[in-house]
Amino acid sequence: MSYLKTVLNRPVSAILIILSVIIFGIMSIGGMQMEYFPDLDMPMEVVVITYPGADADSVERLVVEPVEDIGKNLTGIDSIESQSYENYGMIQFTYEYGTDLDDAYMELKAALDNMAGDLPSECDPPKIMEVGINNDATISVAAKSKDGSDILDYINDTVVPSLESLGGVAEVKVKGSREKYAKIVLDEEKMKQYGLTINQIASDVASADFDMPVGTLDFGTQEIAANAYSDIDWHSTLKKVAIRTNKGALITLSDVVSTINMFEDDPDTISRFNGQDSVIINVSKKSTAETVGVCSAVEKKIKSLENDSVEYEVINSSADDIMDTLTEVLKTLVEGVLITMVVLLVFLGDWKASLIVGSSMPLSLFIAAMVLKLMKMPFDLMTGTGMIIAIGMLVDNSIVVLESCFRMQEEQRASGEKLDFKKSALNGTSAMVFSVLGSTLTTIVVYAPIAMASGMSGQMNRPLCYSIIFTMTASLINSVTVVPLLFTLIKPKSKTELRINKILDILRNAYKSIIPKFLKRPVIPVIVAVLLLLVAGGLFTTLNLDIFPPNYDGSIKVEAKFRSGTKLEVMDERIKEIESALVADKNFESVELTIESTGVTMTAYSDAKSKRSSEEAVEEYTEKFKDTTDMDLNITPTGVTTGLASLMSEGNAKTISLEGSDMASLEQGADLIEEKLNTVPGVIKVQNNSAARKTNARFHIDQQAAKNAGFQPSAVASQIYSMLNGMKAATIDDENLDKVDVRLQYPDNEYNDPRVLLNQAIVNSDGKSVALKDICDIEYTEIPLEIKRVDDKFIVEVKAIVNSKAKYKAAAAVNAAAKEVTLPDGVELAQSSTDKRLGEEMGSMGNSLVIAILLVFLVMAIQFESVRYSIMVMLCIPFSMIGSFGFMFLMGEPISMMAMMGILMLVGMVVNNGILLVDGVNELKKEMPLQEALIEAGLTRLRPILMTTLTTVLSMLPLLLSGNSGMNMMHGMGVVIVGGLIASTILAMFLMPPFYVLISGKKKEG
């Protein structure tokens, strides 16, 4: 203990170091990034490919399947999931955890580049997107016109560049943005006259705009690079582009077009905020940027851009949610510290002694903050909760050391020595250093396997684990340095005349009368405890499963899907009744609406004063608009961590997935499931994604007739595509040096009527024409709007929206009802992606639990140098579940990931009382018979055991009582820990002695 002698002999230096820790700790907390939740890296890459004008079936066959095929040869692929929609498809590649996503990205990009020629020429280049939890907009702003003018150009030209220039901003998206392009409307009669096709014209336009290197030239003593170029200016040289006819004559582009103008696309969205037309601006931050800082910078910039024509209003800012939650975390931390100080004062009776022990809390928190800052970890809900959980445990080591110092003083008094605080501090600390080291190790080794676990649970809980590990390690250092130092400096007094001692005397007397009876018949209390454990296990089986309870805050999301091709203005007219109801609802503070080609999305944000839950709002509006026709209405709860929760939980919904190789059979099976689920009590709505269909026109090209007319069948299809969609010929610069596309197209709505289209003549490369109806006809079929595949199998999903009051029972009933349905041949119930992910995460946590138990056992075996005593103390773990499961049952707490984390934490926490008791018995039995040692150890350790338990339990009360939506997510963890600690304390005191007798085999001794 030479280090401690140095500390005690150099108090000035030690105090200055402590003050430095406080200063740097405060600076570290102030300098940490503030986030709501850790940014989880999902081992996924999503490929998005746009295929304009294509239906879902064509996207699936021509785009998605080829991309899926290349994915099968990629390294580390776990599964491939795809979704095909009208105009685009998404392919999600999920990798095994541990795969280097940078390498995966490069491999995937190279594979896509190699197969680009296999995709339809009309497809846009594939885009690769990485998936993350925090990919949603960081802050959303509504811009409104004060004078009724069109502000979209101003937003795009002025506001967006200003926001993009801010540090930390990754992307700015404007709903309702328009793309500028050079529109060339072709004159069909002149094209026929010259025998030209749209492809020939596009090829000549493209060849007139290029810039390419051509080699090098000698220029005196220098060698210089050379390049050749030809460019097009849209309002002058574009009209003069040379076009060669089939007869070899040269004409200009102006000879075969009716108009050449710069156009802007019609807005692709309609957006409103609180019922008023608005431009919605969504700003996303870079992954390395601080959310609060980005939101603050955006709000300042928006304020500086206000003028007489435009006003801005923040719709939703992630910074608000973060600051609300972190403020609650800090408040809970302070309350935990104050409660713990009160407990210490009650038990110690001396403010100096309480101050010595209490100093462990702020100092440990400051040291942990410094380490977290060095590791560049943010201060978020998880790191903050780790500190809250550690608060009560931080004083355990200090209490043990201080009690030992007081005990050394008592020995000095008993031997007639003069009181020497320095000697008492040195001897008291030396006597307990290995005990507090073992106690701390049994606590922190539990968190190591959790912090190193793979999967989403490992990433999510890692900051919490590091926070506790660093805080507890700091508390160990404080207990063997700061506590003896302060003991020497401020000289506390051990008071015996305390009110709490009267209660302790009552407990000791009761203990004295009960324990001897237990020791005479040790089997009976053990049997009773086992029976209680079985009862608790039975209660556990009745608990509901909600692996990741979402933090809904009273807000809801309304999604309406219309028949494919429905115009935006038609959707707008039909959705106004629902929008008006939401805007008029006083429980909602604001309502955001967006109408796109895919449908309508409205988010109604809850008023802070509202007491209505999101689930209640969903039921109210589902019932209110259940008879709405002409649209598929989906109303869901939403809140702060909805995106994260959706990966692990379905909230008030339960999805039944069917898999098979034949879509027709799958659709038949989905209809049977839908019919069955409508009869389940508690189900308020059933959504069948295979029911949404559209009429599809398929042009069947007669190969023989096409070739007789001088056409390749694929060339006919290409001309049909061009007639309906036009085609991109080149990309040029306008006068503002913006890149704009040059698009060739026929007059608007020229060929929307299939009868007109079939009568239209098409021209081959030789200039010969033939009516389209002579070489093809049209087949009309019904196709789904969405096609989903997982690992080469088609998936159809049926979702049941359930009543919030019976959501757990209804969800279980939905599963049971689905299993009763006799499905068509080749159709099977499949595990939903949520259930699969749930199974993986539960398996990961199960592995962590096993490793944690083994590590705790290892630490105790080393400490006791006895396997037998280690097993004895380990029995505290299962029996603590009596309190955890019982308290969960009483509180109505579901089984969640946070509750499972609480069970993992208990592994390291509940053994401490057992260690204190067994360690005391081992010391006392050297001087007295075993039975007397067992009783005396219990009486001696009663005070420190009660102190350590109460400080931990009471310090967590603010967490349990917090009404903050973010803190509610951690509620299950608190319930498990509090219940487990209370049970383990009682059981350690009353069960350890009988277990000791049974395991040691010395029942008769004494």
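In the predicted model, Asp791 is located in the loop that joins strand E29 (787–790) to strand E30 (793–802). The backbone at Asp791 has a positive phi of about 50°, although the residue is not a glycine. The relative accessible area of Asp791 is 39%. Because partly exposed residues are those between 20% and 50%, Asp791 is assigned to that class.

A positive phi is also found at Asn87, where the angle is near 85° and the residue is again other than glycine. Asn87 belongs to the loop between strand E2 (77–85) and strand E3 (88–95). With a relative accessibility of 30%, Asn87 counts as partly exposed.

A further feature of the model is a nonpolar patch on the surface, formed by Val523, Ile527, Val530, Leu531, Leu534 and Leu998. Together these residues have about 520 Å² of accessible area. Helix H18, which spans residues 523–541, provides the largest share of the patch, with 5 residues. One of the patch residues, Ile527, is found in helix H18. The relative accessible area of Ile527 is 46%, so this residue is partly exposed. Membership of a patch requires over 30% relative accessible area, and the value of 46% for Ile527 is therefore in keeping with its place in the patch.

Note on methods
Residues numbered from 1 in each chain as written. Predicted model: local features only at pLDDT ≥ 70, side-chain atom pairs only at ≥ 80, totals over all residues. Heavy atoms only, no water. Patch = residues over 30% accessible without salt bridge, like charges linked within 9 Å, V, L, I, M, F, W, Y side chains within 5 Å. Areas by Shrake-Rupley, 256 points an atom, 1.4 Å probe, with all protein chains shown as cover. Salt bridge = Lys/Arg side-chain N within 4 Å of Asp/Glu carboxyl O. Helix = DSSP H or I, 4+ residues; strand = E, 2+ residues; numbered from the N terminus. Buried < 20%, exposed > 50% of the residue type's maximum accessible area, 1.4 Å probe, protein only.
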